[in-house]
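Work through the following exercises with the sequence and the three-dimensional model side by side. Each task is followed by a solution that goes step by step.

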Amino acid sequence: MRKRAAFAVLTAVTALAGVVIPGAYAGESQEDVQISDVVLDGGKNVVVDVYDKTITVEGTFTHPTGIQDADFVLWRGPDGANPYQTYDDRIISNEYYVHADCVASSATTSTCSQTFTLQPDWNLTNADAGTWKVSVQGVANDDSGTQLADYTTTRLQRHAELTVNAGPEPAAKGQPLKVTGKLTRANWDTLDHRGYTNQPVKLQFRKAGTTTYTTVKTVNTSSTGDLTTTVTASEDGYWRWNFAGTSTTPAVKATGDFVDVQ
């Protein structure tokens, strides 16, 4: 039986933090510790397949007395409303809590980083794909602190794959050429890949000896994610499918399939 752990549902983002800053709620902050340059997973959307993925979030924290501690939390939900849906794979208790690792670059400034492991077989469902916010808090050596509940956002997306096949090969000039393919994406509920239904995908062609693809037509995927269309064979070149992506699924391009036209 597959394990499944639901995301924690808390009455406020601050309930996740090992060091609670009083009065710090979504959209509010205490401007004691200066927080800057917070980046999650290198600034890219977080794309997860059907296996575990570890990501890192880091930022810069500054205060005249130096930095004592920092913490990051991923969450989603309307500002100022409860409950908040939060993600955290760390043990949260009075005895044990993993904070960010902070390295001082000067007497006043530290770079702090923290990792999260996203686990489709444990704590992800398809419904979790979409926009998430990053809550950040820092505590200075004099115990003053700042929390920014919505410092930045990221998209958590389901890994996608796209194939192409054009034929017959070689093709006779002026004759029909059939181009097929399939668009699939990670299914976190079933831990496999399933077809992405009714999505517009561009069919593109690159003439042999050139570097630029040109869109020929747009085709929608079937109920199983399949793509099929017919074009006229005119010259040697490469055919590929190009999917622009959605908020829950990243863009993906198939590797071009070369067809020799005679």
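**Exercise 1. Determine what share of the protein chain is buried, and describe its secondary structure and surface.**

Solution. Of the 262 residues of the protein chain, 44% count as buried, where buried means under 20% relative accessible area, exposed means over 50%, and partly exposed covers the range in between (1.4 Å probe, protein chains only). The model is a predicted one, in which local features need pLDDT of at least 70 and side-chain atom pairs count only at pLDDT 80 or more, whereas totals for chains, interfaces and linings use all residues. Residues are numbered from 1 along each chain as its sequence is written, and side-chain values use heavy atoms, with hydrogens and water left out.

The next step is secondary structure: the protein chain has 0 helices and 19 strands, these being DSSP runs numbered from the N terminus (helices H or I, at least four residues; strands E, at least two). The surface that the protein chain exposes comes to about 12700 Å², and carbon and sulfur atoms supply 49% of it. This area was computed by the Shrake-Rupley method with a 1.4 Å probe, and for residues only the protein chains shown count as cover.

**Exercise 2. State how confident the predictor is, and where the pLDDT is below 50.**

Solution. The mean pLDDT (the predictor's confidence in each residue, from 0 to 100) of the protein chain is 84, and 80% of its residues reach 70 or more. Over residues 80–84 the pLDDT is below 50, and this stretch has 15 contacts in the model beyond near neighbours in sequence, a contact meaning heavy atoms within 4.5 Å. Residues 90–97 also have pLDDT below 50, with 17 contacts beyond near neighbours in sequence.

**Exercise 3. Identify the largest nonpolar core and the elements that contribute to it.**

Solution. A nonpolar core is a set of buried Ala, Val, Leu, Ile, Met, Phe, Trp, Tyr and Cys residues joined through side-chain atoms within 4.5 Å. The largest one has 27 residues, and those with the most contacts inside it are Phe61, Phe72, Val134 and Leu156. Two or more residues each come from E2, strand E3 (46–48), strand E4 (53–62), strand E5 (67–76), strand E8 (109–118), strand E9 (130–140) and E10. Apart from this core lies another, of 23 residues, including Leu162, Val164, Ala171 and Leu183. In soluble globular proteins, nonpolar side chains tend to be buried together.

**Exercise 4. Contrast the surroundings of Gln157 with those of Gln34: which is buried and which is partly exposed?**

Solution. Begin with Gln157, which is placed in strand E10 (residues 145–158) and counts as buried because its relative accessible area is 3%. Its contacts, leaving aside neighbours within four places in sequence, include Val47, Trp188, Thr246 and Pro250. The side chain of Gln157 also reaches the backbone oxygen of Thr246 at 3.1 Å, which falls under the polar contact rule (a pair of N or O atoms within 3.5 Å; within protein, one must be able to donate a hydrogen and the other to accept it, and residues adjacent in sequence count only if both atoms are side-chain atoms).

Turn then to Gln34 in strand E2 (residues 34–40), which counts as partly exposed because its relative accessibility is 44%. Not counting residues up to four places away in sequence, Gln34 touches Thr60, Phe61 and Thr62. Gln34 and Val139 are 105 residues apart in sequence, yet their C-alpha atoms are 9.9 Å apart in space.

**Exercise 5. Locate the disulfide and describe the setting of each cysteine.**

Solution. With a disulfide taken as a pair of cysteine sulfur atoms within 2.5 Å, the count comes to 1. The pair is Cys102 and Cys112, whose sulfur atoms are 2.1 Å apart. Cys102 lies in strand E7 (residues 101–104) and Cys112 in strand E8, 10 residues apart. The link is right-handed, with 110° about the S-S bond. Cys102 counts as partly exposed at 30% relative accessibility, whereas Cys112 is buried at 0%.

**Exercise 6. Find the cis peptide bonds in the loop between E11 and E12.**

Solution. Pro168 lies in the loop between strand E11 (160–167) and strand E12 (176–187), and the peptide bond from Gly167 to Pro168 is cis, with omega near 10°. Pro170 is placed in the loop between E11 and E12, and the bond from Glu169 to Pro170 is cis, with omega near -5°.
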